[in-house]
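Welcome! Here are a few short exercises to work through at your own pace, each followed by a solution in steps.

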Amino acid sequence: MNKSTRHPNQTDGVYEIKSADSGTKTFVLWREVVMAYASPAIMAGIGGLVTADKGLQIGALTTIGGASAFLALMLGLWLRGRGVHNRRWIIGAPHLVVVGMFALMGATFGLFAAWATSGLLEIMIPSNHLAWVSRVWIDFPLSGSIASTIVTWRWRLAVTTNLSSKRRR
């Protein structure tokens, strides 16, 4: 037999897996809101279990997770509606700069929400015997920062991936 004779490889086309648009990621708002609720709530719940702090365990499910989910919903709606069309700087700026800016804005919004919540409760309930009111000054800004980071990071990845896949076509 002649060793120089080449036999066609019959497995050439078998192992090639091609899927249409497998690289494109989509931004699904309800998934982002669930992630923004679950991530800080689980971490704060673990912290509450480790330190045996019942207030932190309850706050994990209420003020921490709730504020995070609310801000993620509002930011996600804004980004989905106006993010690409009116705000080209969000796409053009470096990823970490955009995420950092939105994290600072989320923390600022959280501080404003804590100020408004404690102020309104002082007006409505003058005695202010609610224990969780003192927690909102930490919970709301931290939740706002975490939610803004999660949503902006994942939205930016989805948008840049979709834009780059459209440019290749």
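## Getting your bearings

Along the sequence, the protein chain runs in the pattern α-α-α-α-α. Please keep in mind that this is a predicted model.

**Exercise 1.** Find how many helices and how many strands the protein chain has, and what share of its residues counts as buried.

*Solution.* Start with the elements: there are five helices and zero strands in the protein chain. Next, turn to burial: of the 169 residues, 34% count as buried. Finally, look at the outside: the protein chain exposes about 11200 Å², with carbon and sulfur atoms supplying 66% of that area.

**Exercise 2.** Check the span of helix 4 against the value expected at 1.5 Å a residue.

*Solution.* Helix 4 covers residues 95–124. The expected span is 1.5 Å times one less than the number of residues. With 30 residues, helix 4 should therefore span 44 Å. Its end C-alpha atoms lie 43 Å apart, which agrees.

**Exercise 3.** Work out which aromatic rings pair up, and where Trp78 and Phe102 sit in the chain.

*Solution.* Begin with the count, which comes to two aromatic pairs. One of them joins Trp78 and Phe102, with 6.2 Å from centre to centre and 50° between the planes. An angle under 30 degrees would count as stacked and one over 60 as edge-to-face, so this pair is tilted. The pair links distant parts of the chain, since Trp78 belongs to helix 2 (residues 54–86) and Phe102 to helix 4, 24 residues apart. Now compare their surroundings: Trp78 is partly exposed because its relative accessibility is 27%, whereas Phe102, at 5%, is buried.

The other pair is formed by Phe112 and Trp115, also tilted, at 5.7 Å centre to centre and 40° between the planes. Both residues lie in helix 4, three residues apart, about one turn of the helix. Trp115 is exposed, with a relative accessible area of 55%.

**Exercise 4.** Which residues of helix 4 are buried?

*Solution.* Going along helix 4, the buried residues are Val98, Val99, Phe102, Ala103, Gly106, Gly110, Ala114, Ser118 and Leu121.

**Exercise 5.** Is Ile138 buried or exposed, and how far is its C-alpha atom from that of Ala107?

*Solution.* First locate Ile138, which is found in helix 5 (residues 136–168). Its relative accessibility is 58%, so Ile138 counts as exposed. Then take the distance: the C-alpha atoms of Ile138 and Ala107 are 9.8 Å apart, with their positions 31 residues apart along the chain.

Note on methods:
Residues numbered from 1 in each chain as written. Predicted model: local features only at pLDDT ≥ 70, side-chain atom pairs only at ≥ 80, totals over all residues. Heavy atoms only, no water. Helix = DSSP H or I, 4+ residues; strand = E, 2+ residues; numbered from the N terminus. Buried < 20%, exposed > 50% of the residue type's maximum accessible area, 1.4 Å probe, protein only. Phe/Tyr/Trp six-rings, centres within 6.5 Å; stacked < 30°, edge-to-face > 60°. Areas by Shrake-Rupley, 256 points an atom, 1.4 Å probe, with all protein chains shown as cover.
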